[in-house]
Amino acid sequence: MAHTDLFRGGRLLVVAFEGWNDAGEAASGAVRALKDVLDVVPIADIDPEDYYDFQLNRPQIETDDDGRRRLRWPSVTLFGPAVDDGLPRESAEQPENPLAVSGMNHDNIYLLLGTEPSRGWRTFATETVDQALTADVTGIILLGALLADVPHTRPIAVTATSENAEVRDELGLERSTYEGPVGILSVLVEAAEEVGIPTVSLWASVPHYVHNAPSPKATLALLDRLEELIDVTIPRGDLLDEARTWEEGIDALADDDEDMRGYIAQLEKARDAVEAPEASGEAIAQEFERYLRRHDDDEPGGDVRRDD
């Protein structure tokens with residue numbers, strides 16, 4: 001089977017982690033949007049005791065639906081298609097906005113979502129890839145988002161790369177040229193490719209001057225690119241309105257801040273000078289390096305990480 005078939009008709013795992021890889025909560029937001037419209041159920045949880053420093057990722061106390069106080073621990077959950085018993089599904093059981101799919105590929109989509117682990121990355125990656133192999137996953141798509149010198153008024157750039165030469169040739173992707181510190185996504189890419197599961201990485205560029213707020217516009221951009229790769233149509237729900245409100249809110253802030261307005265105008269001019277609507281692999285690497293330099297001057301994790 002060709003790798004294009006693996007990504008358009010195979011069994012796929014879509015991955016996102018909250019934390020360092022998730023500027024503007026764009027990547028985790030995209031996987032949550034998928035979880036809301038796909039008929040998936042939790043099929044595996046990774047034990048948080050092995051992979052988290054609870055002083056960095058503290059458990060949260062919450063009240064459940066029965067009024068009981070419970071701790072919610074940082075974790076990673078694998079979701080898979082609900083078991084089909086072969087009986088017709090009742091229309092009342094269908095979600096309000098069902099996923100419209102070409103080739104029924106929604107039945108082949110798995111999701112991995114959680115908080116980026118703080119230790120034991122190689123063991124974590126091995127365990128995760130083992131679960132993918134057990135589920136007969138034929139391709140993995142990893143979603144990330146980074147802070148970049150980009151204007152909020154222009155389309156969000158999403159760069160698609162692959163470490164697999166055949167996938168790059170057949171899907172028209174680039175190979176990342178970035179060198180430097182990485183997150184758990186890069187560790188998973190290496191582990192998956194080593195056992196023969198091809199991977200694709202999608203990274204959205206989030207305006208760094210609005211790093212404290214979720215970025216629904218970046219989430220939409222990731223979903224748009226994901227649709228192209230896996231040949232599905234994903235209902236957007238309230239995301240379109242949320243993205244519009246997000247952009248209008250930043251516009252209002254800029255109207256009251258002359259320096260911010262001038263800076264955004266400079267970013268717009270630079271973006272408009274770029275011929276392609278999406279940044280090249282080289283450009284995304286440069287943006288990441290700029291982010292890391294800014295990150296060194298701030299509190300650890302302050303720009304991107306958001307502990308729940």
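Author: Welcome! One convention first: helices and strands here are runs assigned by DSSP, a helix having at least four residues and a strand at least two, and they are numbered from the N terminus. The model above is predicted.

Reader: Thanks! Which elements each supply at least two residues of the lining of the second largest cavity?

Author: There are four names to look for: β1 (12–18), α3 (121–134), β8 (139–148) and α5 (184–194). The lining itself is made up of Leu13, Val15, Leu112, Thr128, Val129, Ile140, Leu142, Leu188 and Ala192.

Reader: How many cavities does a search of the whole structure find?

Author: The search finds 2 of 30 Å³ or more. The second largest has a volume of about 40 Å³.

Reader: How do the lining residues of that second largest cavity divide into nonpolar, polar and charged?

Author: They split into 8 nonpolar, 1 polar and no charged. In general, nonpolar side chains tend to be buried together in soluble globular proteins.

Reader: Which residues of α5 are buried?

Author: In α5, Ile184, Leu185, Leu188, Val189, Ala191 and Ala192 are buried. Two residues of the cavity lining, Leu188 and Ala192, belong to that list. The buried residues of α5 pack against β1, α3, β8 and β10 (199–207). Just after the helix comes Gly196, whose phi is positive, near 90°.

Reader: What makes Val206 buried?

Author: Its relative accessible area is 1%. Buried means under 20%, so Val206, at 1%, qualifies. You will find Val206 in strand β10. Leaving aside neighbours within four places in sequence, its contacts are Ala23, Ala145, Leu146, Leu147, Ala148, Val150, Ser215 and Ala218. Val206 and Pro151 are 55 residues apart in sequence, while their C-alpha atoms are 8.5 Å apart in space.

Reader: And why is Glu25 called partly exposed?

Author: Its relative accessible area is 23%. Partly exposed covers what lies between the 20% and 50% cut-offs, so 23% puts Glu25 in that class. Glu25 sits in the loop between β1 and α2 (26–37).

Reader: What is the phi of Glu25?

Author: It is near 50°, a positive value in a residue other than glycine. Most residues other than glycine have a negative phi. Asp136, in the loop between α3 and β8, also has a positive phi, near 60°.

Reader: How do you know that the length of α6 agrees with what it should span?

Author: The expected span takes 1.5 Å times one less than the number of residues. For the 15 residues of α6 that gives 21 Å, and its end C-alpha atoms are 21 Å apart, so the two agree. Asp231 follows α6 and has a positive phi, near 60°.

Reader: What makes α6 mostly covered?

Author: Of its 15 residues, 13 are buried. This helix also has a part in the largest nonpolar core, which has 43 residues. The largest share of that core, 8 residues, comes from α6 (residues 216–230).

Reader: Which residues have the most contacts inside the largest nonpolar core?

Author: They are Leu111, Leu143 and Leu202. Not counting residues up to four places away in sequence, Leu111 touches Leu13, Val14, Val31, Leu34, Lys35, Leu38, Val40, Thr77, Leu78 and Phe79. A second, separate core of 30 residues includes Val15, Ile46, Tyr52 and Phe54.

Key
Residues numbered from 1 in each chain as written. Predicted model: local features only at pLDDT ≥ 70, side-chain atom pairs only at ≥ 80, totals over all residues. Heavy atoms only, no water. Core = buried A, V, L, I, M, F, W, Y, C linked by side-chain atoms within 4.5 Å. Buried < 20%, exposed > 50% of the residue type's maximum accessible area, 1.4 Å probe, protein only. Contact = heavy atoms within 4.5 Å. 1 Å grid on protein atoms, 1.4 Å probe; cavity = no way out; pocket = protein on both sides within 12 Å on 5 of 7 lines; lining within 4 Å. Points joined across faces, edges and corners; volume = space filled by probe spheres on them. Nonpolar A, V, L, I, M, F, W, Y, C, P; charged D, E, K, R; others polar.
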